[in-house]
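Subject: Structure and notes

Hello,

Here is the structure I said I would pass on. Please look it over before reading the notes below it.

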Amino acid sequence: MTLLDSSETNPLEADSLNRVRPFLKWAGGKVRLVREIIRFVPRNYAKYIEPFVGGGALFFSLCPKNPILADSNQELMNCYEVVRDRYESLIETLQEIAGLPYNEETFYEIRKWKFPRNQKIKRAARMIYLNRTAFNGLYRVNRSGEFNTPFGRYKKLSLPTEKVISSASRALQKAALMMGDFEEVLENLARKGDFVYLDPPYPAVGKYSDFNRYTKDFFSEKDHERLSESVRKLDERGCTFVLSNADHPLIRELYADRKFKLVRVFAPRYINCKGDERGNVAEVLITNNLDSG
Ligand SMILES: C[S@@+](CC[C@H](N)C(=O)[O-])C[C@H]1O[C@@H](n2cnc3c(N)ncnc32)[C@H](O)[C@@H]1O
């Protein structure tokens, strides 16, 4: 396979409109919901803050001027840093990986690779490779924090193209990147006039849901409660926010506040253990931007 050529089949990569696209396929990613979300984004704001950035679907479609991007996933935030600061070396390393045979054996070999923290480019290349080859692109780790998603059995290796990586790098040039819990990020950085987009792991729906197993720390009911408190504080502080979540009783209860607008939207969901459970799932957008939509 040739790395970094454009792929006709991958919707994340093929883009006739030449927009910036996410360089990762992220579980729970919002590529297919971006149009709905944008309706609630204010025209003007000071900083753009996204504390659960994942693959950054909304960020890459807006390319805002003053972004702060954060996530609790350390490997993910390392990827963003490398794409922002050293994308050419990253492309070279990805080319080396693409030169290896593409099969199950290589996948498990690369999954075992461990690099010291300062080997940022190699860590980022491994993460991108695993993201494109593991089952459903799922980032799942065991209790010791080791990546344990099985091989995805895709017919061919499809890594992000040079164009995707270089345009993502351009979009990230002004971005401040943080690794950590959302509460701290919002407490320390969100100020009056800022826009905050929040896309947390969703509450588990049904026994096969493990969307929230992104890091060794699960996003629990308590975390959703903590998040609703942070959102209330954002509102009091004069920030505009949009939060996406599953249309789930817990979420409706936590955001029953009449001051907030709750809009039901539908998005195709692809990350599921059972193929037959894929399909349109009701989600909600909750916002204090009452004039929008
Ligand atoms: C649904 S995904 C975000 C998807 C993203 N909107 C996109 O379009 O790709 C949720 C993200 O929250 C992160 N996360 C989980 N717990 C967190 C926490 N306590 N603080 C910050 N980020 C967290 C996960 O690592 C994951 O990347």
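The notes below go from the whole chain to the cores, then to two helix pairs and two single residues.

Overall. Please keep in mind that this is a predicted model. The protein chain has 293 residues, of which 52% count as buried. Its secondary structure comes to 10 helices and seven strands. If one takes the contacts between residues at least 6 apart in sequence, 71% of them join residues at least 24 apart.

Cores. In soluble globular proteins, nonpolar side chains tend to be buried together. In this model the largest nonpolar core has 55 residues. The residues with the most contacts inside that core are Phe23, Phe60, Leu69, Tyr80, Leu90, Ile128 and Leu172. Helix α6 gives the most to this core, with seven residues. Another core, of 24 residues, lies apart from it, and its members include Phe52, Ala190, Val196 and Leu250.

Phe60 can be followed further. What does phenylalanine 60 touch, leaving aside its neighbours within four places in sequence? On one side of the numbering, its contacts are Val20, Arg21, Pro22, Phe23 and Gly55. The others are Tyr80, Ala168, Ala171 and Leu172. Phe23, Tyr80 and Leu172 in that list are also among the residues with the most contacts inside the core.

Helices α4 and α7. Helix α4 covers residues 87–98 and helix α7 covers residues 162–172. The two pack at an angle of about 155 degrees, with their axes 10 Å apart. Angles over 145 degrees count as roughly antiparallel, so α4 is roughly antiparallel to α7. Their crossing is right-handed. On the α4 side the residues that meet α7 are Tyr87, Leu90, Ile91 and Leu94. They face Glu162, Ile165, Ser166 and Ser169 in α7. By class, this contact has five nonpolar, two polar and one charged residues.

Helices α5 and α6. Here α5 is residues 104–112 and α6 is residues 120–133. Their axes are 10 Å apart and the packing angle is about 140 degrees. That angle makes α5 oblique to α6. The crossing of α5 and α6 is left-handed. From α5, the residues Thr106, Phe107, Ile110 and Arg111 meet Arg126, Tyr129, Leu130 and Thr133 of α6. The contact of α5 with α6 has four nonpolar, two polar and two charged residues by class.

Asp235. Aspartate 235 is found in helix α9, residues 221–237. Is aspartate 235 buried or exposed? Its relative accessible area is 15%, and buried means under 20%, so aspartate 235 counts as buried. Leaving aside neighbours within four places in sequence, aspartate 235 is in contact with Phe241, Lys259, Phe260 and Asn288. Threonine 287 is 52 residues away from aspartate 235 along the chain, and their C-alpha atoms are separated by 9.4 Å.

Ala267. Alanine 267 is found in strand β6, which runs over residues 261–269. With a relative accessible area of 5%, alanine 267 is buried. Alanine 267 and alanine 282 are 15 residues apart in sequence, with a C-alpha to C-alpha distance of 6.9 Å.

Regards

Methods. Residues are numbered from 1 along each chain as its sequence is written. This is a predicted model: local features need pLDDT of at least 70, side-chain atom pairs count only at pLDDT 80 or more; totals for chains, interfaces and linings use all residues. Side-chain values use heavy atoms; hydrogens and water are left out. Axes are lines fitted to C-alpha atoms, for helices over the stretch in contact, and angles run from 0 to 180 degrees between N-to-C directions. Helices (H or I, at least four residues) and strands (E, at least two) are DSSP runs, numbered from the N terminus. Angles under 35 degrees count as roughly parallel, over 145 as roughly antiparallel, 65 to 115 as roughly perpendicular and the rest as oblique. A crossing is left-handed if the near helix is turned anticlockwise from the far one by less than a right angle, and right-handed if clockwise. Contact means heavy atoms within 4.5 Å. Ala, Val, Leu, Ile, Met, Phe, Trp, Tyr, Cys and Pro count as nonpolar, Asp, Glu, Lys and Arg as charged, and the others, Gly among them, as polar. A nonpolar core is a set of buried Ala, Val, Leu, Ile, Met, Phe, Trp, Tyr and Cys residues joined through side-chain atoms within 4.5 Å. Buried means under 20% relative accessible area, exposed over 50%, partly exposed in between (1.4 Å probe, protein chains only).
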